[in-house]
Amino acid sequence: MKGKTIHEINLGDKAYFQKTITETDVYMYAGITGDLNPAHINEEYAKDTMFKGRIAHGMLTAGLVSAVLGMKLPGPGTIYLKQDLKFTAPVRIGDTIKAEVEVSEMIIEKNRIKLRTTCTNQNGDVVLDGEALVMPPK
């Protein structure tokens, strides 16, 4: 498997990955990372927070962006160099999240690509917004 080289990519190219976030996803992420924040894993605690229930880890959502970059655009062999992101709304268990990337700038002489990164839920609400810098495979 090999992703697209910089010469196979154009400004405005887009790709996405979509996934429904499950309770298992949240617990596995908590276990892998050690982030056992009760806002994610304890409903009794979380129901008294501003979110009125458990929410998924923000970085779990951000990981869906990584899936797009590493598997679709540019794809396998891509090196993820930088990510700026803003979490704009909570992701709840059962939400279907669409992570989308769009090529916004190409720095051909350095083999770098900047991409707008956005995650939306099933209602079209933006839950994550940002920009990534990657090095596509040669």
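**Helix α1**

I began with helix α1, which runs over residues 23-33, and I noted that D25, V26 and A30 are buried in it. I should write down early that this is a predicted model. I then asked why these buried residues share a side of α1, and the reason is that they cover an arc of only 130 degrees around the axis, which puts them on the same side of the helix. This reminded me of a general rule: an α-helix has 3.6 residues a turn, so residues three or four places apart point the same way. Turning to the other side of α1, I found G31 and I32, and both are exposed there.

Next I looked up what covers the buried residues of α1, and the elements I found include β1 (14-20), α2 (38-41) and α4. I also followed the chain past the end of the helix, where α1 is followed by G34, a residue whose phi is positive, near 85 degrees.

**The nonpolar core**

My next entry concerns the largest nonpolar core, which has 25 residues, and within it I21, V101 and L115 are those with the most contacts. The elements that give two or more residues to this core are α4, β3 (96-107), β4 (112-120) and β5, and I recorded that α4 supplies the largest share, six residues. As a general background note, nonpolar side chains tend to be buried together in soluble globular proteins.

I picked V101 for a fuller look and, leaving aside residues up to four places away in sequence, I listed what V101 touches: among them are V65, V68, L69 and L73, and also L115, R116 and T117. The list for V101 further includes D13, K14 and A15.

**T61 and the largest pocket**

Is T61 buried or exposed? I found T61 in helix α4, and its relative accessibility is 2%, so T61 counts as buried, the cut-off being under 20%. Not counting residues up to four places away in sequence, T61 touches V91, I97, C119, V127 and L128.

I then met T61 again in the lining of the largest pocket, where V91, V127 and L128 are also found, and where the other residues include H40, F51, F87 and P90. The elements that give two or more residues to this lining are α4 (58-71) and β5 (126-135). About 150 Å³ of space lies in this pocket. Finally, I sorted the lining residues by kind, and they divide into nine nonpolar, three polar and no charged.

Methods. Residues are numbered from 1 along each chain as its sequence is written. This is a predicted model: local features need pLDDT of at least 70, side-chain atom pairs count only at pLDDT 80 or more; totals for chains, interfaces and linings use all residues. Side-chain values use heavy atoms; hydrogens and water are left out. On a 1 Å grid over the protein atoms alone, a cavity is a set of points where a 1.4 Å probe fits but cannot get out, and a pocket is an open set with protein on both sides within 12 Å along at least five of seven lines; lining residues have an atom within 4 Å of a point. Grid points are joined across faces, edges and corners, and a volume is the space filled by probe spheres set on the points. Helices (H or I, at least four residues) and strands (E, at least two) are DSSP runs, numbered from the N terminus. Ala, Val, Leu, Ile, Met, Phe, Trp, Tyr, Cys and Pro count as nonpolar, Asp, Glu, Lys and Arg as charged, and the others, Gly among them, as polar. Buried means under 20% relative accessible area, exposed over 50%, partly exposed in between (1.4 Å probe, protein chains only). The arc is that of the directions from the helix axis to the C-beta atoms. Contact means heavy atoms within 4.5 Å. A nonpolar core is a set of buried Ala, Val, Leu, Ile, Met, Phe, Trp, Tyr and Cys residues joined through side-chain atoms within 4.5 Å.
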